[in-house]
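Biologist: I am new to this structure, and I would like a close look at one loop. Please start there and then show me what the rest of the chain looks like.

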Amino acid sequence: TRKIVFKFVTMSDTFDVVIIGGGPGGYVCAIRSAQLGFKTACIESRYTLGGTCLNIGCIPSKSLLNLSENFSKAKNNFFNVGIETGELTLNLSKMMKIKEKSVTVLTKGIEFLFKKNKVTYIKGQASFKSNNEIIVQEKNSQKIYKANHIIISTGSEPTSLPGIKIDEKIIVSSTGALSFDKVPKELVIIGGGYIGLEMGSIWKRLGSNVTVIEFLDHIVPGMDKDISIEFLKILKKQEINFKLNSKVTAVNVVENKAVVDYTSNETNIRKRIQVDKVLVAVGRKPNTEELNLKKMSIKSDNQGRIQVDNKFQTSIKNIYAIGDVIKGPMLAHKAEEEGIAVAEIIAGQSGHVNYNIIPGVIYTSPEVASVGKTEQQLIKENIKYKIGKFPFMANSRAKVINEIEGFVKILAEEKTDKLLGVHMVGPHAGDMIAEMVLAMEFGASSEDIARTCHAHPTYSEAIKEAALAVDKRPIHY
């Protein structure tokens with residue numbers, strides 16, 4: 001047991017609002033709280049703002065996805081379109097420095113926003129002393145802060161499988177996979193979800209032989225099945241290997257290599273593969289262990305998520321929770337919306353989050369994006385619907401740039417024509433989905449989209465054509 005010696009204990013300021021956690025939900029909540037006139041503080045244990053997303057998640061992964069795609073295009077595609085270069089060399093160290101610089105610039109940017117909005121930034125590990133007192137461990141000292149309202153926004157951390165210990169050297173989480181010092185020759189990814197497929201894409205482009213082992217018989221669980229099937233075909237064409245419907249039973253490190261044992265769920269045949277690195281990407285869990293929640297009797301569910309009501313209040317009414325620590329998709333933009341909503345609720349306003357239209361994006365190439373109900377959900381809920389589909393191979397912009405893989409799929413209610421769900425795999429899908437999120441927020445129909453002028457030639461015309469296809473009248477397909 002580690003012994004901690006505190007040099008001194010002091011009492012500090014009292015705040016109107018204190019947010020524990022400076023990730024996307026926390027820092028946005030802090031800024032909005034300050035804008036609403038509250039004396040606000042944000043406590044962050046990482047000593048840099050932005051949370052998992054900015055430091056070891058969304059932002060560095062998008063940097064490497066972009067850089068690796070540029071490298072892959074230069075290596076495999078440029079020659080075919082008349083751009084001839086000499087021999088290409090990968091400078092991974094330089095690439096990692098560019099990634100790290102992006103993170104530093106953005107974290108410093110949040111610090112600037114805190115100063116601009118007069119948010120007090122407190123560095124240290126927070127835990128509850130009472131329902132309005134927070135102990136903060138700051139290096140060799142302890143301080144106690146008082147607050148009228150406390151918001152828990154401590155995010156999540158990677159989970160593993162039973163018996164598999166992540167060492168961030170050979171067996172890694174997404175954190176380790178963002179910082180390899182050399183390209184692994186053989187890489188196994190356990191889990192065929194968002195994180196695993198993005199990481200797999202990065203290292204495949206940079207030269208790894210990537211194998212994804214997924215327990216289910218399809219990738220990206222929860223996505224519309226049509227998208228999942230098409231996406232798998234595309235990734236296989238990119239020479240990413242898949243072992244679906246397979247259970248990983250053990251991972252052992254032997255002489256700086258990882259030995260992975262897995263079994264087919266269908267045949268029970270056991271197989272073994274030896275690789276350089278293993279990425280465990282089987283999900284995340286709420287990061288709440290250091291907060292002293294049990295002492296406070298703050299209720300959680302059987303998955304460790306803090307239980308809240310429709311105003312984000314926990315079982316203690318002046319303590320709230322948002323983001324990955326509560327129910328719902330573990331997405332940065334979901335946490336941001338909740339951060340703004342809870343600040344406005346505390347201010348007596350009508351803060352609200354529409355959970356029916358939280359978009360999800362996978363930033364591979366091509367991208368995958370979705371919002372609303374999947375076709376499988378509509379069938380399960382016995383909702384009658386119409387489908388409109390349009391392939392990017394019939395889109396002028398996609399053809400010209402040779403990005404013709406994928407399609408747009410629109411689901412609309414049979415009688416009212418109201419948009420129920422939109423799913424796409426294709427170029428710039430992550431940006432294009434915003435149009436449909438906005439349309440669904442305002443209760444639009446597929447006819448509304450079909451009769452909206454879209455610029456030509458753009459990828460977004462595929463959305464218009466898919467909307468036309470709902471009533472079987474596409475023009476270009």
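Modeller: Let us begin at Asn-256, which sits in the loop between strand S12 (246-254) and strand S13 (257-264). Helices (H or I, at least four residues) and strands (E, at least two) are DSSP runs, numbered from the N terminus. Before going further, please note that this is a predicted model: local features need pLDDT of at least 70 and side-chain atom pairs count only at pLDDT 80 or more, while totals for chains, interfaces and linings use all residues. Residues are numbered from 1 along each chain as its sequence is written, and side-chain values use heavy atoms, with hydrogens and water left out.

Back to our loop. The phi of Asn-256 is near 60 degrees, a positive value in a residue other than glycine. Most residues other than glycine have a negative phi. Asn-256 counts as exposed because its relative accessibility is 63% (buried means under 20% relative accessible area, exposed over 50%, and partly exposed in between, with a 1.4 Å probe and protein chains only).

Another asparagine makes a good companion. Asn-292 has a positive phi too, about 70 degrees, although it is not a glycine. You will find Asn-292 in the loop between strand S16 (284-286) and helix H8 (293-296). With a relative accessible area of 30%, Asn-292 is partly exposed.

From Asn-292 we can step inward, for it is one of the residues touched by Phe-128. Phe-128 belongs to the largest nonpolar core, which has 52 residues (such a core is a set of buried Ala, Val, Leu, Ile, Met, Phe, Trp, Tyr and Cys residues joined through side-chain atoms within 4.5 Å). The residues with the most contacts inside this core are Phe-114, Phe-128, Ile-151, Ile-152, Ile-298 and Phe-312. Helix H1 (residues 24-35) gives the largest share of this core, six residues. Leaving out residues up to four places away in sequence, Phe-128 touches Ile-20, Glu-133, Ile-150, Ile-152, Leu-291, Asn-292, Leu-293, Met-296, Ile-298 and Ile-319, where contact means heavy atoms within 4.5 Å. A second, separate core of 36 residues includes Leu-197, Ile-219, Phe-231 and Leu-235. In soluble globular proteins, nonpolar side chains tend to be buried together.

Two of those names, Leu-197 and Phe-231, lead to another loop, as both are touched by Thr-364. Thr-364 lies between strand S18 (360-362) and strand S19 (367-372). Its relative accessibility is 4%, so Thr-364 counts as buried. Not counting residues up to four places away in sequence, the contacts of Thr-364 are Leu-197, Glu-198, Ser-201, Arg-205 and Phe-231. Lys-409, which is 45 residues from Thr-364 in sequence, is 18 Å from it in space, C-alpha to C-alpha.

Pro-366 is in the loop between S18 and S19 as well. A cis peptide bond joins Ser-365 to Pro-366, with omega about 5 degrees. Another cis peptide bond links His-456 and Pro-457, with omega about -5 degrees. Pro-457 is placed in the loop between helix H13 (446-450) and helix H14 (461-470). Most peptide bonds are trans.

Next, a glycine early in the chain. Gly-21 occupies the loop between strand S1 (9-20) and H1. Gly-21 is buried, as its relative accessible area is 6%. Beyond its neighbours within four places in sequence, Gly-21 is in contact with Gly-26, Tyr-27, Cys-42, Ile-43, Glu-44 and Ser-153. One of these, Glu-44, is 23 residues away along the chain, and its C-alpha atom is 4.9 Å from that of Gly-21.

For a stop inside a helix, try Thr-104 in helix H4 (residues 92-116). Thr-104 counts as partly exposed, at 42% relative accessibility. Thr-104 and Thr-48 are 56 residues apart in sequence, with 8.8 Å between their C-alpha atoms.

Finally, let us step back to the whole chain. The protein has 14 helices and 22 strands, and 51% of its 477 residues count as buried. Its C-alpha atoms fill a box of roughly 70 × 60 × 50 Å, taken along the principal axes. Among contacts between residues at least 6 apart in sequence, 63% join residues at least 24 apart.
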